Each structure stands twice: as C-alpha cells, then as structure tokens.
Amino acid sequence: MKFRSLLERLLHNWPAKILSLAAAIVLFIVYRMSTLEERFFSVPLVVQANGDLVPASDLPRMVRVTLRGESNSIYPVLEDDIEAWLDLSAISEQGPSRAQVRVRKKGTAVGIDPLEIHVKPAEISLEMEYRDERMIAVMPSFRGYVETGWELSSWSVEPSMATVSGPASRVARIESLSTELVELGGRKEDFVQRIRLIDSDPLVKISGEGVVSFTG
C-alpha cells in the first residue's frame, strides 16, 4: 500500500513534473555556460596534401584559436598542445576547392571537460594544381663595395642550380633563385662563404638544405 501510494504521488501531474525537471536542467546548463571563460591565441596551420596535387593559392600561416572552459582549466593549456591542420589528401582534381580546418588536442589540452575549441577561419577556399619540379639557376645578391683599388674579378656558386617543387604555375614563373646578401664591404682578398637561398614563395619548396657555397 505504501509503495502504491508513493507511486501515485510520483505519477500525479507527471507532465508538469517532467517539464519542471527539464527546465531545471536547461537553467543549470545555461548557468554553467555563462560562467565559462574564453582564451584566444594563434597557432601555425599545418597543410597535408597527397603529393601530386598541391595548393596554388596563398594560405594563412596562422589561425586564431578560441578555448572556452573553466578558467583554471584553459589558462594552463600550452599553445603547442593545440594543433590546427588542413587535410587536402582527399582532393583528386585541379581547380577551386574548399577544406575545413581541423583541430587536434594533445598534452595539457587532453582530458579537460568542459572544453570548447573554435578556430577561425573554420574553412578555407583554395586553388589546387598538379605539382611540378624544375632545376633553377642560383644568382647571388651583393651588398657594399670591395676595398678601394680592388675589384670582384670573378665569382662562382656551388651548386649553381637548385631543385624546386610546387604548383606548376608558380614554378613556371621562377627565373632564378636569389641568395641572401653577400657582403663585399672592405674585401681585398679571395673569400669563400656559405650562404642561404631565399625562399621567396611559400608554396614553392627548395630541395635539400637550401644553402650554397659562394667563392669570390
């Protein structure tokens, strides 16, 4: 009898009780969300392509990340523990395309609850082209003047050619590869200098170390 009476009390006006419980849950969630804080920072955008097709339009090097959660949880998160990446490996045709920026957690960011992660831009429009590879001549860049009464009578660069790869249209526009500045100021004898090639186009990669030996 006692059990039946208790059951009747629980079931009495049950729609209103369920609505009240649902409202209480919603209010709790809204209250908790209102107490969460936000933290902003930027991380590098990692691009993954399939090798045959590569981006032919400029991409952002950094993306803005928003962490939303409890202050004592989100502020200790290291920026290196949030990775943003663009997966282009599934794209199989040249031309315009779109890809979502994905986020990966690691280290201090793992296991935090609640934690919302938003990235801006969330989606990127880009142009895809087939990858091309060419050998390009290396041309040194100079600064300053040798000692009075002396002249730079000859010079050489080893290696004199470097291999570059990237989207076909960008590779086709490259006529030569420049070096960082070779300082001539005050020179009055033969010299040898290791000097780096300038990577002027972020979508075109220089094979190897990207360093040549200059002899003057």
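In the next few minutes I will walk through the overall make-up of this chain, its nonpolar cores, one buried serine, a small sheet and two cis peptide bonds. Please keep in mind throughout that what we are looking at is a predicted model.

Let me begin with the chain as a whole. It holds four helices and 13 strands, and of its 216 residues, 31% count as buried. If we take the contacts between residues at least 6 apart in sequence, 71% of them join residues that are at least 24 apart. The accessible surface comes to about 14,400 Å², and carbon and sulfur atoms account for 54% of that area.

Now to the interior. In soluble globular proteins, nonpolar side chains tend to be buried together. In this chain the largest nonpolar core has 24 residues, and those with the most contacts inside it are Leu45, Val65, Leu67, Ile82, Leu86, Leu88 and Val101. Several strands feed this core with at least two residues each, namely β1 (37-48), β3 (62-69), β4 (82-87), β5 (95-105), β6 (115-120) and β7 (123-143). There is also a second, separate core, with 17 residues, including Ile136, Val164, Val212 and Phe214. To return to the largest core and pick one of its well-connected members, leucine 88 is in contact, once neighbours within four places in sequence are left aside, with Val47, Gln48, Ala49, Pro55, Ala99, Leu126 and Met128.

The next residue I would like to show you is serine 57, which sits in the loop between β2 (53-55) and β3. Is serine 57 buried or exposed? Its relative accessible area is 18%, and because the cut-off for burial is under 20%, serine 57 counts as buried. Its side chain reaches the backbone nitrogen of glutamate 127 at a distance of 2.9 Å. Beyond its neighbours within four places in sequence, serine 57 is in contact with Leu126, Glu127, Arg170 and Leu203.

Let me turn to a sheet of three strands, which is open, has the order β8-β13-β11 and pairs in the antiparallel sense. Which strands stand at the edges? They are β8 (156-158) and β11 (192-196), and each has a single partner strand, so that one side of each is left without a neighbour in the sheet. From one strand to the next, the twist averages 30°.

If we look at the pairing in detail, β11 is joined to β13, residues 211-215, by five bridges, whereas β8 and β13 pair over three bridges. On the β11 side, arginine 196 has valine 211 as its bridge partner in β13, and arginine 194 has serine 213. On the β8 side, glutamate 158 stands opposite serine 213, and serine 213 is therefore a residue that we meet in both pairings, with arginine 194 and with glutamate 158.Finally, there are two cis peptide bonds that I would ask you to find in the model. One runs from lysine 120 to proline 121, with omega near 0°, and proline 121 lies in the loop between β6 and β7. The other runs from glutamate 158 to proline 159, again with omega near 0°, and proline 159 has its place in the loop between β8 and β9 (161-167). Glutamate 158, on the N-terminal side of that second bond, is the residue that we have just seen opposite serine 213 in β13.

How values were computed:
Residues numbered from 1 in each chain as written. Predicted model: local features only at pLDDT ≥ 70, side-chain atom pairs only at ≥ 80, totals over all residues. Heavy atoms only, no water. Buried < 20%, exposed > 50% of the residue type's maximum accessible area, 1.4 Å probe, protein only. Contact = heavy atoms within 4.5 Å. Areas by Shrake-Rupley, 256 points an atom, 1.4 Å probe, with all protein chains shown as cover. Core = buried A, V, L, I, M, F, W, Y, C linked by side-chain atoms within 4.5 Å. Polar contact = N/O pair within 3.5 Å; in protein donor to acceptor, adjacent residues only side chain to side chain. Pairing = 2+ DSSP bridges. Axes fitted to C-alpha atoms, helices over the stretch in contact; angles between N-to-C directions.
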